[in-house]
Amino acid sequence: MTKLLIIEDDNDIRSNLMDWFQFEGYEVFGAPNGRVGLEAVLDQRPDLILCDILMPELDGYDVLIGVRAAGDVSNTPFIFITAASDRESMRKGMTLGADDYLTKPFTRMEILNAVRARLEKRSVESALIQHQIDLMQHLLLEEHERSQLKSRLVALFSHDFRNPLASIQSASNIIRNYEDRLTPERKQQYLDRIDGSVQQLTQMLEDMLMVAEVESGHLRYVPGALDITPFVEGIVADFRLIDFGSHTLDFRSSVRGHVEADRRLLRHIISNLLSNALKYSPAASTVRVTLDAPDGTLRLAVADEGIGIPEVCLPRLFEPFYRADNALRFNGTGLGLSIVHESITRHGGGVEVASAEGSGSTFVVTLPLKRV
Ligand code: ADP
């Protein structure tokens, strides 16, 4: 209920005013002088104060000064009700920060309307202020998340960059220092390791740039004509190179000809699904990549025989940084699939995962098939 405080030394006027407002459904408190009035402001925290000016002990101006200096009640709407109608007292009241000024005698309607108008204005102002606060909080939260994302990215990538760098360094050291003792096959293995690590670093750098694009809401989408089967086959071949024969990587395609797609995003989608399939599968298992085109769609499936994904984790799999519990012993950032999802969305496609813990995973990407 809206609370009013009426500070008025004339008992008749005060009790009349209190009756009027009580009949209108307000909760009303009365104070017979300025000192009691100021105490009531702090005790009752009214929504609006009606106050006489000429009163014993503490006059209306002093009450207003006291209210405006009183911390969190200092903004309470304040209306003077007074017999003093001269310009000087009005100006003084308004300068001190009164919201309105009513001269006695006034009718019931006049004072009810003045109070209503003031309360409405205050509620509009409060809603506006609340809106601004909500907006500021939202912006602050976004900024906070952004800066958190940045520091997490820096930490993750600076950690993950070290492994391939160390691998390049040790392979090149071995070739430089022991070249005469290496068989041609061994030497080729070290060179392949360097190639593989460079590719891994390039991929990580690409991921990082894509995260920055996704974060700024502008993941670039540049569709072009792509001879799809050799394109996917080429990526699979690159991965065979990095995998050093640990897995069998099987590729089949029944699609011929060119389709419209974004080369960079599609490479990201395929590379990420493939690198996950290899990472989360035991050595000597098979990873199958299949490309076909049923019902006007281009469908790419990547199936592995690896650790699988617990059912409870499936709904969150494409969230940035999310990693399933059973994957934590492997290196990873939890970012790849979130960019995969964004890249598929930019093509107007979708992705589904069929998996169970311990029995492999199959990711199926479906894109609208646009032949060119
Ligand atoms: P990460 O860098 O952790 O591999 P991703 O965003 O690529 O990040 O994947 C998110 C999570 O999804 C992984 O941490 C893992 O829990 C799960 N995941 C993705 N692909 C596979 C897969 N082929 N087999 C098992 N779990 C997978």
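The questions and answers below concern a predicted model with a bound ligand.

Colleague: In which sense do strands E1 and E2 pair, parallel or antiparallel?

Modeller: E1 covers residues 3-7 and E2 covers residues 27-31. Leu4 stands opposite Val28 in E2. The two strands are joined by 5 bridges, and the sense of the pairing is parallel.

Colleague: Which hand does the β-α-β crossover from E1 to E2 have?

Modeller: After E1, the chain runs through helix H1, residues 11-23, before it enters E2. The crossover made this way is right-handed.

Colleague: What distance separates an oxygen atom of the ligand from an N or O atom in the side chain of Arg323?

Modeller: Arg323 is listed with Asn276, Tyr280, Thr333 and Leu337 as coming nearest among the 21 residues around the ligand. A polar contact requires N or O atoms within 3.5 Å. For Asn276, a polar side-chain atom lies 2.8 Å from a ligand oxygen, and for Asp304 one lies 2.9 Å from a ligand nitrogen. For Arg323, the distance to a ligand oxygen is 2.5 Å.

Colleague: How much of the ligand's area does the protein bury?

Modeller: The space taken by the ligand is the largest pocket. Taken alone, the ligand exposes 530 Å². Of that area, the protein buries 98%.

Colleague: Which element gives the largest share of the shell around the ligand?

Modeller: The elements that give two or more residues to this shell are helix H8 (263-279), helix H9 (336-346) and strand E12 (361-368). The largest share is 3 residues, and it comes from H8.

Notes
Residues are numbered from 1 along each chain as its sequence is written. This is a predicted model: local features need pLDDT of at least 70, side-chain atom pairs count only at pLDDT 80 or more; totals for chains, interfaces and linings use all residues. Side-chain values use heavy atoms; hydrogens and water are left out. Two strands pair if DSSP finds at least two bridges between them. Helices (H or I, at least four residues) and strands (E, at least two) are DSSP runs, numbered from the N terminus. A crossover is right-handed if, with the strands pointing away from the viewer, the path from the first strand over the helix to the second runs clockwise. A residue is near a molecule or strand if one of its heavy atoms lies within 4 Å of it. A polar contact is a pair of N or O atoms within 3.5 Å; within protein, one must be able to donate a hydrogen and the other to accept it, and residues adjacent in sequence count only if both atoms are side-chain atoms. Accessible areas come from the Shrake-Rupley method with a 1.4 Å probe; for residues, only the protein chains shown count as cover. On a 1 Å grid over the protein atoms alone, a cavity is a set of points where a 1.4 Å probe fits but cannot get out, and a pocket is an open set with protein on both sides within 12 Å along at least five of seven lines; lining residues have an atom within 4 Å of a point. A molecule sits in a cavity or pocket if more than half of its atoms lie within 2 Å of its grid points.
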